[in-house]
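The following exercises are intended for a reader who is new to this structure. Each task is followed by a solution that proceeds step by step.

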2 protein chains.
Amino acid sequence: MNKKQLQSEQTRKRIAEAARHLFVQKGYKATSIEDITAATGSSKGNIYYHFKSKEGLFLYLLDEWDRDWFDKWRDKQHLYGSAAEKMHGFAELLVIEDLNHPLTQAADEFFGGEIESDIMEKLSVMTADHLRFNQDLIQSGMDSGEFKAGDSAKLALVLEGLVIGLSRLSRRSNSNIDEALGTYRLAVDVLLNGLAKAPHT
Amino acid sequence: MNKKQLQSEQTRKRIAEAARHLFVQKGYKATSIEDITAATGSSKGNIYYHFKSKEGLFLYLLDEWDRDWFDKWRDKQHLYGSAAEKMHGFAELLVIEDLNHPLTQAADEFFGGEIESDIMEKLSVMTADHLRFNQDLIQSGMDSGEFKAGDSAKLALVLEGLVIGLSRLSRRSNSNIDEALGTYRLAVDVLLNGLAKAPHT
DNA sequence: TAAGATACTGAACGAAAGTTCAGTAAACGG
DNA sequence: CCGTTTACTGAACTTTCGTTCAGTATCTTA
C-alpha cells in the first residue's frame, strides 16, 4: 500500500470516527454533513468522495460497529467460567466499547423515517442477532444449572431492554466510564439476584 | 366558554394529539409541520396560530404527558399493598398509558441538537423527577423490609434504564399491549427475584 | 519527468422544512 | 345588525441540508 492509499484510508477512518461520535451524540437527522466537515476539517466534497451518501456512511458505521464488537467478545469470551461471570463480562465490554450500543438510537430514529431502505433490513438483522446473543447467554446459564429454568427468549428481550436503556442513560448524563461500569455492574447484580429478600410472585 | 373558544380548544387538542403520535413514531426532526397538517386537516398557519413554534408544541407535549402520567399514578397508587405490587402496578401503568414514556426518545433526540433551549432544562427536570420517583419506590420496599438494603439512588438508575429500554423495544417491534404487558411483568419479576438460583456475587 | 490517476476543494443547486403574513369567514357582543 | 375579535387558510419567504461537479493539487508509474 503506497503513501496515497494510506493517507486516503486514514481520512476515511477519520471521517467515519467523527461521524460515529456525532450520530451517537445528536442522532441521525440532527447530524449534518457540515457538522462532519467541521469535525474533520475535510470538505463536503471529500466526504462524498469516500462515501456514497449520508445514508451510505451510516450504513458503513452500522456494519463496522457490529463486526468490531462481536470480534472483541470472541476474544474475551473464553476468560469467563460461570454464566454470571459471562454476564458481567458482557456488561463490561458494552461499557468499554464506546459506552454501549452507540448507534442504536440513531438507527431507530432512521428506522422511523423511511419505510423503504437498506437500513430497515440491516436493523432487523441486528436486533435479531442481539436477541439471539442474549438468549444464548441466558440459556447457557440455565443449562449449567446456574440460572432458574425459564423462557430464555423472553428473558433475552428483558436483557436487551436493560442494555438499551442503560446505554441511553449513560450517554445522556455523559458520565465517565467508571460511573457507567458501576451502574452496569449493579444492574447485572440485580438481574442475577433480584431486589426482593424472599422469592415473590 | 362560548362556542368559538370551545372549538378552538378542540382543534388545539387535535393538533397536540396528532403531533404526539407523530413525534413518538418518527422522532422530533423527522416529523414535519406538514406531517401534522396532513394528520389533522388543519393548515400550517393554524398550527402557528395555536403554538408558538415547533419547539413550543413539543414543549407543551412534554408538560402534558408528565402531568397526566403522574395524576394517573396518584389515582392508582392506593390500590397496591406491597412494594412488589407497586412495582407491577408501575409497569402496568407505563404500558397502558401509551406504551410507556413515549416522548423520551424524541426528547433525547432534541436534547442532542441544540445546547441552548428551554427543552434542555425541562428534560433535566423530568429525568430528575423520574429518578426520584424510582428511588422512592425502591426505598419504600427497603423500609418495609421487603427489599434487601442497598443504594436506592443507584438502583433507581437501573430501574430507569430498564424502563427506557423496554419502552423502546416495545415501540419498535410495534407489539400489542398484551405482549408488552407480558414483557414488563417478566422484567419486574426478574428485577424482584433475579435470574440466578442461588445468591451470587 | 511527463502523463495519468487519485485525493480533495468549495461554490452552486435543488429539495425540504420552519416560519410569516395578508386575506377570509365565522362568531361574538353591543 | 354591524363593527370587532377570533379562528383559520395557503401562498410566499427564508434557511438548512444533502448532493453534485468543475477545477486543483498531489502522488504514482512508466
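**Exercise 1.** Is A:Glu34 buried, partly exposed or exposed? Determine also which residue pairs with A:Glu34 in a salt bridge.

*Solution.* The model under study is a predicted one.
Step 1. The relative accessible area of A:Glu34 is 49%. Exposed residues have over 50% and buried residues under 20%, so A:Glu34 is partly exposed.
Step 2. The side chain of A:Glu34 forms a salt bridge with that of A:Lys44, at 3.4 Å from N to O. This pair links distant parts of the chain: A:Glu34 belongs to helix H2 (residues 33–40) of chain A and A:Lys44 to helix H3 of chain A, 10 residues apart.
Step 3. A:Lys44 has a relative accessible area of 45% and is therefore also partly exposed.

**Exercise 2.** Explain why B:Asp129 and B:Arg132 are separated by about one helical turn, and classify the accessibility of each residue.

*Solution.*
Step 1. The side chains of B:Asp129 and B:Arg132 meet in a salt bridge of 2.7 Å, N to O.
Step 2. Both residues lie in helix H7 (residues 118–143) of chain B; because they are 3 residues apart there, about one helical turn separates them.
Step 3. An α-helix has 3.6 residues a turn, so residues three or four places apart point the same way.
Step 4. B:Asp129, at 32% relative accessibility, counts as partly exposed, and B:Arg132 counts as partly exposed at 48%.

**Exercise 3.** Identify the residues that come nearest to DNA strand C, and describe the polar contacts.

*Solution.*
Step 1. There are 20 residues around DNA strand C, of which A:Lys4, A:Tyr49, A:His50, B:Tyr48 and B:Lys54 come nearest. Of the strand's atoms within 4 Å of the protein, 65% belong to sugar and phosphate.
Step 2. A phosphate oxygen of DNA strand C lies 2.4 Å from a polar side-chain atom of A:Tyr49. For B:Lys3, a polar backbone atom is 2.8 Å from a phosphate oxygen of the strand.
Step 3. A base oxygen is also involved: the side chain of B:Lys44 has an N or O atom 3.3 Å from a base oxygen of DNA strand C.
Step 4. The surface near DNA strand C comprises 3 nonpolar, 12 polar and 5 charged residues. Its largest share, 4 residues, comes from H3(A).

**Exercise 4.** Which residues does A:Gly89 touch, not counting residues up to four places away in sequence?

*Solution.*
Step 1. A:Gly89 is located in helix H5 (residues 83–96) of chain A.
Step 2. Its relative accessibility is 2%, so A:Gly89 counts as buried.
Step 3. With residues up to four places away in sequence set aside, A:Gly89 touches A:Trp73 and A:Tyr80.

Methods:
Residues numbered from 1 in each chain as written. Chains lettered and ligands numbered in written order. Predicted model: local features only at pLDDT ≥ 70, side-chain atom pairs only at ≥ 80, totals over all residues. Heavy atoms only, no water. Near = heavy atom within 4 Å. Polar contact = N/O pair within 3.5 Å; in protein donor to acceptor, adjacent residues only side chain to side chain. Helix = DSSP H or I, 4+ residues; strand = E, 2+ residues; numbered from the N terminus. Nonpolar A, V, L, I, M, F, W, Y, C, P; charged D, E, K, R; others polar. Buried < 20%, exposed > 50% of the residue type's maximum accessible area, 1.4 Å probe, protein only. Contact = heavy atoms within 4.5 Å. Salt bridge = Lys/Arg side-chain N within 4 Å of Asp/Glu carboxyl O.
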